[in-house]
Amino acid sequence: RHEEALAARSKDNLRSPICCILGHVDTGKTKLLDKIRQTNVQEGEAGGITQQIGATYFPIENIKKKVAVLDKEGKQEYKLPGLLVIDTPGHESFTNLRSRGSSLCNIAVLVVDIMHGLEPQTLESLRLLRDKKTPFIVALNKIDRLYGWKTMPNNSFIDSLSKQSEAVKREFQMRLDRTNLEFAEQGLNSCVYYDNKKMGKVVSLVPTSAHTGEGVPDLLQLLINLTQERMSGSLMYLSELECTVLEVKVIEGLGTTIDVVLSNGILREGDRIVVCGLNGPIVTQVRALLTPQPMKEMRIKGAYVHHKEIKASMGVKITAPDLDKAIAGSRLLVVGEDDDEEDLMEEVMGDLQTLLSSIDKSGKGVCVQASTLGSLEALLDFLSASKIPVSGINIGPVYRKDVLRAGVMLEKAKEFATILAFDVPVDKEAEKYAEEVGVRIFKADIIYHLFDQFTAYNKSIVEEKKKEAAPAAVWPCRLKILQAFVRRDPIIVGCDIVDGTLRVGTPICVATVNGEGKKEIVPLGRVGSIEINHKPLDIVKKNQTGAGIAVKIDNPHNQAPKMVGRHFQETDLLLSQISRNSIDVLKQNFAGDLTKEDLHLIKRLKTTLDIP
Ligand code: GDP
């Protein structure tokens with residue numbers, strides 16, 4: 001069926017591209033969207049703009065009018081029926097607009113405040129865009145805040161800039177250069193859009209003002225040109241259905257509804273549909289397909305327009321029974337005549353299954369929780385790239401049972417006894433319970449912030465563990481005796497480090513030959529102090545010694561003191577007395593600090609000391 005659908009498509013039957021707006025908070029995403037939506041008031045009409053569910057549809061006629069200031073001779077070509085812009089800016093809708101792990105967003109606008117440059121959520125958006133290979137342009141917004149900017153409402157940016165003072169032009173250039181530099185730091189080439197000769201490789205920056213409307217024509221023109229020239233292939237209308245759940249909402253009088261974006265194909269009232277649910281696949285029947293009333297009738301609260309059928313691209317609200325457990329970000333499939341319902345159920349749950357497969361086989365790892373399938377996927381992608389193992393996933397608010405699950409880690413690996421809660425609320429009781437048992441919950445709506453919180457916590461736990469383990473850890477070392485002072489307790493020797501590192505507290509032994517000519521391991525005690533030139537040190541490395549070190553070895557408790565010449569010889573090497581347990585402690589807690597030489601020496605000492 002997919003092949004049939006592909007064959008039937010054509011360049012004359014293009015659908016509208018779907019556009020998302022992303023960026024840091026307060027950069028002007030909402031304002032910019034409002035500005036694009038704003039219609040020519042004098043004409044007293046909506047200009048064909050239709051408000052949909054979760055999206056706004058801009059017919060090409062409307063866009064033409066807005067771009068006219070840039071296209072006085074009418075040379076601009078238009079091949080698309082229009083543009084569908086998703087209404088909720090931000091990464092949530094972007095990550096939910098997905099199908100089989102790839103993004104249904106055809107093009108994105110990343111909004112950057114020209115006065116602030118790249119901010120944390122800008123970087124997060126960049127990563128999401130890169131992960132999904134989504135083409136995007138940058139709106140360099142708030143140009144009206146450049147000092148002394150003269151406003152020319154809804155003008156093209158190039159024309160507006162040419163009429164500014166030298167000082168404004170200079171400030172603009174300075175901020176533009178700085179932004180380009182910041183993009184370069186992220187590994188991206190960028191330049192102001194009218195200088196961009198390589199659209200496929202270089203990110204275009206469009207200076208805009210969501211207040212004055214300047215640069216908005218430029219932005220729309222670029223969106224249209226980029227989509228119709230570069231992606232007409234993916235915009236050819238397919239009869240095959242492609243539909244995603246953006247939001248699950250409870251509406252008074254309608255119950256639980258799903259807001260979907262239909263990006264290909266046709267949906268009909270009465271269709272039998274399948275979506276991914278928290279407790280398994282949901283199969284139900286479309287009761288109604290709804291869109292909002294046209295603008296002028298918006299006053300009639302709660303009233304919707306009913307549709308018998310709807311063709312892509314379109315944002316629609318679906319009412320149907322049994323939707324309460326539906327997951328935002330899920331694909332929506334329609335059961336056709338020849339379809340096996342079971343197959344579709346499996347297919348739709350496949351997305352969740354894929355995410356479940358990212359759970360670490362070791363059973364050790366953090367628990368993660370996100371609001372939707374899309375945001376969970378984004379978080380898991382990031383954690384996998386950061387090599388942070390995951391032991392459990394869930395969608396929705398954090399409850400006591402989630403804390404209970406994370407609590408299993410307290411025994412297994414304390415540093416992972418955490419819940420990373422991305423964009424979801426934490427139930428009060430769950431929070432209290434977590435505190436009681438010692439499960440840490442990190443909350444953030446930026447993945448980076450979760451990561452930072454977790455890594456800081458993880459580091460503190462690792463340090464704590466090291467501190468606890470330190471007495472049981474024995475670092476490998478071999479010492480050559482330069483001078484032995486003949487006294488019983490404590491032993492004081494001048495020595496050189498042959499290899500390894502000597503630390504205060506290290507147990508020392510010799511492997512000597514006893515009177516019967518047999519190898520004997522004689523424990524001497526623990527290093528009580530180390531001095532170089534009468535200066536005490538806690539740790540001394542090989543090569544750090546120069547003229548040698550003075551080492552005091554305290555006699556072990558409950559043992560007869562050992563004496564040089566009696567229990568061991570001056571020619572014997574002093575060895576750190578490692579054991580099976582001390583090796584394990586070292587490897588478990590200090591793996592990152594062990595050098596190759598250390599490991600080699602441990603092997604050698606194992607042989608000498610007959611450790612299996
Ligand atoms: P969002 O969080 O990205 O959706 O940002 P908003 O659209 O809510 O805008 C945040 C603030 O910036 C509001 O106070 C807007 O009035 C202001 N703002 C947005 N765009 C512009 C602009 O182009 N120029 C100026 N001067 N202020 C703007």
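Helices and strands are here DSSP runs, a helix having at least four residues and a strand at least two, and they are numbered from the N terminus. With that naming in hand, the loop that holds Asp423 can be placed: it runs between β23 and α14 (428-437). Asp423 is a residue worth a pause, since its phi is positive, about 65°, although it is not a glycine. The structure described here is a predicted model.

The overall picture comes next. The chain contains 17 helices and 32 strands. Its C-alpha trace spans about 110 × 65 × 45 Å along the principal axes. A compact globule of 612 residues would have a radius of gyration near 25 Å, whereas the chain has 34 Å.

Two of the sheets can be followed strand by strand. Strands of a sheet pair through backbone hydrogen bonds, either parallel or antiparallel. Both kinds of pairing appear below.

The parallel case is an open sheet of four strands, which follow one another in the order β22-β21-β23-β24. At its edges are β22 (390-395) and β24 (440-444), each of which pairs on one side only. From one strand to the next, the twist averages 20°. Within this sheet, strand β23 (residues 418-422) is joined to β24 by five bridges in the parallel sense. To find this pairing in the structure, a reader can look for Ala421, which stands opposite Lys443 in β24. Strand β23 is also the one that leads to Asp423, as the loop holding that residue lies between β23 and α14.

The antiparallel case is an open sheet of five strands, in the order β11-β12-β19-β16-β17. Strands β11 (242-251) and β17 (304-307) stand at the edges with a single partner strand each, so one side of each is left without a neighbour in the sheet. Here the twist averages 35° from one strand to the next. The partner of β11 is strand β12 (residues 255-264), and the two pair in the antiparallel sense over nine bridges. A handy landmark for this pairing is Glu242, which stands opposite Asn264 in β12.

Another backbone detail belongs to the approach to β19. The loop between β18 (309-311) and β19 (314-319) contains Ser313. A cis peptide bond joins Ser313 to Ala312, with omega at about -10°.

The ligand offers a third place to explore. Around the ligand there are 15 residues, of which Asp26, Thr30, Lys31, Asp144 and Ala210 come nearest. Sorted by class, this shell has two nonpolar, seven polar and six charged residues. Helix α2 (residues 29-37) gives the most to the shell, contributing three residues.

Several polar contacts can be traced atom by atom. On the backbone side, an N or O atom of Asp26 lies 2.8 Å from an oxygen atom of the ligand. A polar backbone atom of Lys29 is likewise 2.8 Å from an oxygen atom of the ligand. Asp144 uses its side chain instead, where an N or O atom is 2.7 Å from a nitrogen atom of the ligand. Taken alone, the ligand exposes 570 Å², and the protein buries 75% of that.

How values were computed: Residues are numbered from 1 along each chain as its sequence is written. This is a predicted model: local features need pLDDT of at least 70, side-chain atom pairs count only at pLDDT 80 or more; totals for chains, interfaces and linings use all residues. Side-chain values use heavy atoms; hydrogens and water are left out. Two strands pair if DSSP finds at least two bridges between them. Axes are lines fitted to C-alpha atoms, for helices over the stretch in contact, and angles run from 0 to 180 degrees between N-to-C directions. A residue is near a molecule or strand if one of its heavy atoms lies within 4 Å of it. A polar contact is a pair of N or O atoms within 3.5 Å; within protein, one must be able to donate a hydrogen and the other to accept it, and residues adjacent in sequence count only if both atoms are side-chain atoms. Accessible areas come from the Shrake-Rupley method with a 1.4 Å probe; for residues, only the protein chains shown count as cover. Ala, Val, Leu, Ile, Met, Phe, Trp, Tyr, Cys and Pro count as nonpolar, Asp, Glu, Lys and Arg as charged, and the others, Gly among them, as polar. The radius of gyration is taken over C-alpha atoms; the globule rule is 2.2 Å times the number of residues to the power 0.38.
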